[in-house]
Amino acid sequence: MFENLSLLQLQQYWWIIISLLGGLFAFIMFVQGGQTLLGRLSKGDETLKTMLINSLGRKWELGFTTLVLFGGALFAAFPLFYSTSFGGAYWVWMAILFCFIIQAVSYEFRKKANNFLGQKVYEFFLFINGSVGVILLGIAIATFFSGSSFSVDTNNFSHWHGSFRGLEAASSIFNLSLGFALFFLVRISGALYFINNIDNETIKQRAIKSIKIDMLIFLFFFLIFLYLLLSKSGFAYDNSGLVYYQEYKYLYNFLEMPIVLGMFLIGLVMVIIAVFMTIHFNRTCCIKTAGVGIVLTVMALFLNVGLNGTSYYPSLYDMQSSLTIQNSSGSHYTLTTMSYVSLIVPFVLAYITYAWYQMDKVKITKNEMEDSHNHKY
């Protein structure tokens, strides 16, 4: 089946898979967003905080499952990107990795007996994961559009030309706008999740108040990012692989790929509708609508930067070293073999859906959390 596809078709197929996994991971980062809301929604009430943390504790492992799939797919399909970015911009990736490590440690040890660090320290770690980790991740993703200073020689060895090893990306307004937009987006989805998962009126009203503020800030940063994206030049390449500047490249990509544009607009509308229905009609199920919207929006952005003859990782040092899905992928044999492996993705999605359903059969209540035997985290 897959062996009959051309190399370009396999490359496009894998970029679509990666885009989908990226969208799913962006949605599941509502866990990170929720972690930054613990203080605001509990306001010192330990019972409410326990409810919030146990609600997130049911789902945080799903994010790691998706992250491993995303990273594994990127490594298998486009190994040159993996070696270039992770090998060159290692300070920013190590910082992101550290932020996710302390999340896992926090959920594991926060309630352990004889915890010498104390619960407050681990709760601070959760906030770092949900704030610094998410913002840095958004900045790293923004470099797919803005580029980095690297070169690739004839032997496909990459060389980084920046002493800050990826952290210099934080000096760009474009990169920062996406980082902060992602941060406030996951806070919104985290609040929507709490409203859906916890049966407590105090938490619900505080979450709605939080959404009202965070939605305005999200739109501010996201519109800045969108304006800069659609007005900036991009790195295009021709049939021979020659890379060149093209004005309004990402705007043209949307216009020339109407399906991708439709996904992007529908996704945004779904997020706005979810927020509107929650605020004005007190709906408690809008995390699902917002989740689909986030997946579609993020997936459309990935498709925009990787398809239609676009360099998905531009080089600011040597334009011809810019990475595309054609010059950075594995061989036809590798992509064919991995394509059969990709058939497990629907089963992973089914597992996530099933696990979500099983964990959410009964909403978390205050009475349940007051019994210490009923909470783990």
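## Side-chain contacts, from salt bridges to cysteines

Arg-187 and Asp-214 make a salt bridge, with their closest N and O atoms 3.1 Å apart; the term covers a side-chain nitrogen of Lys or Arg within 4 Å of a carboxyl oxygen of Asp or Glu. Arg-187 belongs to helix α9 and Asp-214 to helix α10, so this pair ties together parts that are 27 residues apart in sequence. Helices here are DSSP runs (H or I, at least four residues), numbered from the N terminus. Both Arg-187 and Asp-214 are buried, and that word means under 20% relative accessible area, with exposed being over 50% and partly exposed in between (1.4 Å probe, protein chains only).

Before going on, a word on what you're looking at: this is a predicted model, where local features need pLDDT of at least 70, side-chain atom pairs count only at pLDDT 80 or more, and totals for chains, interfaces and linings use all residues. Residues are numbered from 1 along each chain as its sequence is written, and side-chain values use heavy atoms, with hydrogens and water left out.

Back to the charges. The count of salt bridges comes to four. Sharing of partners joins Glu-46, Lys-49, Lys-120 and Glu-123 into one network. Take Lys-49 as your way in. Its salt bridge with Glu-46 has the closest N and O atoms 3.9 Å apart, and both residues lie in helix α4 (residues 46–57), three residues apart, or about one turn of the helix. Lys-49 is buried at a relative accessible area of 8%, while Glu-46, at 36%, counts as partly exposed.

Lys-49 also meets Glu-123 in a salt bridge, at 3.1 Å from N to O. This one leaves the helix: Lys-49 lies in α4 and Glu-123 in α8 (residues 119–146), so the pair ties together parts that are 74 residues apart in sequence. Glu-123 counts as buried, with 10% relative accessibility.

Now for the rings. A search of the whole structure turns up 41 aromatic pairs. Rings of Phe, Tyr and Trp (its six-membered ring) pair if their centres lie within 6.5 Å; planes under 30 degrees apart count as stacked, over 60 as edge-to-face and the rest as tilted. Tyr-90 and Trp-91 have ring centres 5.5 Å apart and planes at 55°, so they are a tilted pair. Tyr-90 is partly exposed at 32% relative accessible area, and Trp-91 is partly exposed at 47%.

Phe-174 and Phe-225 are tilted too, because their planes sit at 35°, with the centres 5.1 Å apart. This pair takes you back to α9 (residues 173–197), which holds Phe-174, and α10 (residues 201–231), which holds Phe-225, so parts that are 51 residues apart in sequence are tied together. Both of these phenylalanines are buried. Phe-174 has a further contact: the charged end of Lys-232 sits over its ring, 5.6 Å from the centre. Sitting over a ring requires NZ of Lys or CZ of Arg within 6 Å of the ring centre and within 35 degrees of the ring normal.

Finally, the cysteines. The structure holds zero disulfides, a disulfide being a pair of cysteine sulfur atoms within 2.5 Å. Why is Cys-285 not bonded to Cys-286? The sulfur of Cys-286 is the closest cysteine sulfur to that of Cys-285, but it lies 5.0 Å away, which is too far for a bond. Cys-285 is partly exposed, with a relative accessible area of 31%, whereas Cys-286 is buried at 6%.

Notes
Helices (H or I, at least four residues) and strands (E, at least two) are DSSP runs, numbered from the N terminus.
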